Amino acid sequence: MLQNPIEHLSVEQKNSKIIVCIKQVPDTQEIKIDPETGTLIREGVPSILNPFDEYALNLAIEIRDRFRNNSEVVALSMGPSQAAEALRKCLAIGADSAILLSDRAFAGADTYATSYTLAKAIKKLGPASLILCGYEALDGNTAQVGPETARLLGLPAICYVERVEALDGGEITCKRESEEGYELLKSPVPALITCMTTSSFEPKLPGVREIMAARRKKLEVWSLEDLGGSKDEYGLRGSLTRVTKTYTPDIKRKGVRFEGKEGVKELISALRGII
Ligand SMILES: Cc1cc2nc3c(=O)[nH]c(=O)nc-3n(C[C@H](O)[C@H](O)[C@H](O)COP(=O)(O)OP(=O)(O)OC[C@H]3O[C@@H](n4cnc5c(N)ncnc54)[C@H](O)[C@@H]3O)c2cc1C
């Protein structure tokens, strides 16, 4: 649960949408390296809802519930058909509806094409007071999609947000992490924020009742036809970057492991040897 993530809320924007962009990612704790090829073994690896997106979703729900003004939390994802599982989880956690952007034409998207597709869907969804993203996805780790989507929508963006301090009089105030510590930033709404998790955040596990209720909520699948435009704007064709080579770096230094009480003594004498 979120512990007082929003200090002060008073803006009245009835019937507006709060859109949360979520990504289904492989559970990195389950990923193993193939000892022969040195590459990641992705087969059979379970997928999870990106944890930063889960935090963003909880923040959106908190804002909606404290407003009590009919704003609707919409979970939005671009991905293959199995990404619907992550959206179902969002519905069970408390999102009101969900949209999956899925089409062969969207495949192979780089971060620009991903942001472009999300931005097209956000425009189609109609007026939104806030758009929330995780600050990064655990698999891609670029942290580009949030700010790129904001740019494409012509919206201000605040990144690395831990807390929304206030949402008041058409302005949002966020506490965000910076290299020097924390900053309080204000922006007019609508705005896009990208979220970090706080150490006190405990993801809420939906119960059977919530899971059953989620089945009755609206989950739509939108294709290229729904978003409009040509195939060249999306996916690999619409991407501005190309991967020319991928490789696993050579690990030249060997790690040493010290275990148990004996290990502590061995570590101390090894360190003495170095110093
Ligand atoms: C050059 C290049 C080529 C690529 N080619 C391919 C490819 O062929 N096939 C492929 O599967 N991937 C490909 N990718 C990866 C793909 O671009 C990323 O998965 C995607 O753009 C998201 O970037 P990210 O994971 O770094 O997200 P980040 O920018 O780290 O994510 C930040 C936040 O943005 C939101 N977000 C990100 N992705 C989505 C999404 N799909 N739906 C909804 N919200 C989202 C979430 O809120 C997330 O927390 C490529 C990437 C690059 C750089």
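**Close-up views of a predicted model**

**View 1. The shell around the ligand in the predicted model.** Helix H3 makes the largest contribution to the shell around the ligand, supplying three residues. In total, 30 residues surround the ligand, and the closest are Cys 133, Gly 134, Gly 140, Thr 142 and Val 145. At least two residues of the shell come from each of helix H1 (51-67), strand S7 (72-78), helix H3 (111-125), strand S9 (128-134) and helix H4 (145-153). By residue type, the shell consists of eleven nonpolar, 13 polar and six charged residues.

**View 2. Helix H3, a mostly covered helix.** Of the 15 residues of H3, eleven are buried; among them are Thr 111, Ala 113, Tyr 116, Leu 118, Lys 120 and Ile 122. How far apart should the ends of H3 be, at 1.5 Å a residue? The 15 residues should span 21 Å, and the end C-alpha atoms are indeed 21 Å apart, so the expected and modelled spans agree. After H3 comes Gly 126, which has a positive phi near 95°.

**View 3. Helix H2, enclosed by the rest of the structure.** Helix H2 covers residues 84-93, and because eight of its ten residues are buried, the helix is largely enclosed. The buried residues of H2 include Ala 86, Arg 88, Cys 90 and Ile 93. Gly 94, just after H2, adopts a positive phi of about 145°.

**View 4. The largest nonpolar core.** This core contains 67 residues, of which Val 20, Cys 90 and Leu 132 touch the most other members. Helix H1 gives the most to this core, with eight residues. Which residues does Leu 132 contact, leaving aside its neighbours within four places in sequence? They are Ile 18, Val 20, Ala 56, Leu 59, Ala 60, Ile 193 and Cys 195.

**View 5. The loop between S9 and H4, with Ala 143 and Gln 144.** Ala 143 is not a glycine, yet its phi is positive, near 60°. Most residues other than glycine have a negative phi. Ala 143 counts as partly exposed because 18 other C-beta atoms lie within 10 Å, whereas a buried residue would need 20 or more. Gln 144 is also partly exposed, since it has 16 C-beta neighbours inside 10 Å. Although Gln 144 and Tyr 112 are 32 residues apart along the chain, their C-alpha atoms are separated by 8.2 Å.

**View 6. Tyr 160 in strand S10.** Strand S10 comprises residues 157-168 and contains Tyr 160. The phi of Tyr 160 is positive, about 60°, although this residue is not a glycine. Is Tyr 160 buried or exposed? Tyr 160 counts as buried because it has 20 C-beta neighbours inside 10 Å, and the threshold for burial is 20 or more.

**View 7. A cis peptide bond before Pro 190.** The bond from Val 189 to Pro 190 is cis, and its omega is near 5°. Most peptide bonds are trans. Pro 190 belongs to the loop that lies between strand S12 (181-188) and strand S13 (191-195).

**View 8. The whole chain and the confidence of the prediction.** The chain has 275 residues, 38% of them buried, and its secondary structure comprises eight helices and 14 strands. Among contacts with a separation of 6 or more, 70% join residues 24 or more positions apart. The average pLDDT of the chain is 88, and 88% of the residues score at least 70. Over residues 1-12, however, the pLDDT is below 50, and this stretch has 30 contacts in the model beyond near neighbours in sequence. Where pLDDT is low, predicted coordinates should not be read in detail.

Terms used: Residues are numbered from 1 along each chain as its sequence is written. This is a predicted model: local features need pLDDT of at least 70, side-chain atom pairs count only at pLDDT 80 or more; totals for chains, interfaces and linings use all residues. A residue is near a molecule or strand if its C-beta atom, placed from the backbone, lies within 6 Å of it. Helices (H or I, at least four residues) and strands (E, at least two) are DSSP runs, numbered from the N terminus. Ala, Val, Leu, Ile, Met, Phe, Trp, Tyr, Cys and Pro count as nonpolar, Asp, Glu, Lys and Arg as charged, and the others, Gly among them, as polar. A nonpolar core is a set of buried Ala, Val, Leu, Ile, Met, Phe, Trp, Tyr and Cys residues joined through C-beta atoms within 7 Å. A residue is buried if 20 or more other C-beta atoms lie within 10 Å of its own, exposed if 12 or fewer, and partly exposed in between; C-beta atoms are placed from the backbone. Two residues are in contact if their C-beta atoms, placed from the backbone, lie within 7 Å. pLDDT is the predictor's confidence in each residue, from 0 to 100. The expected span of a helix is 1.5 Å times one less than its number of residues.
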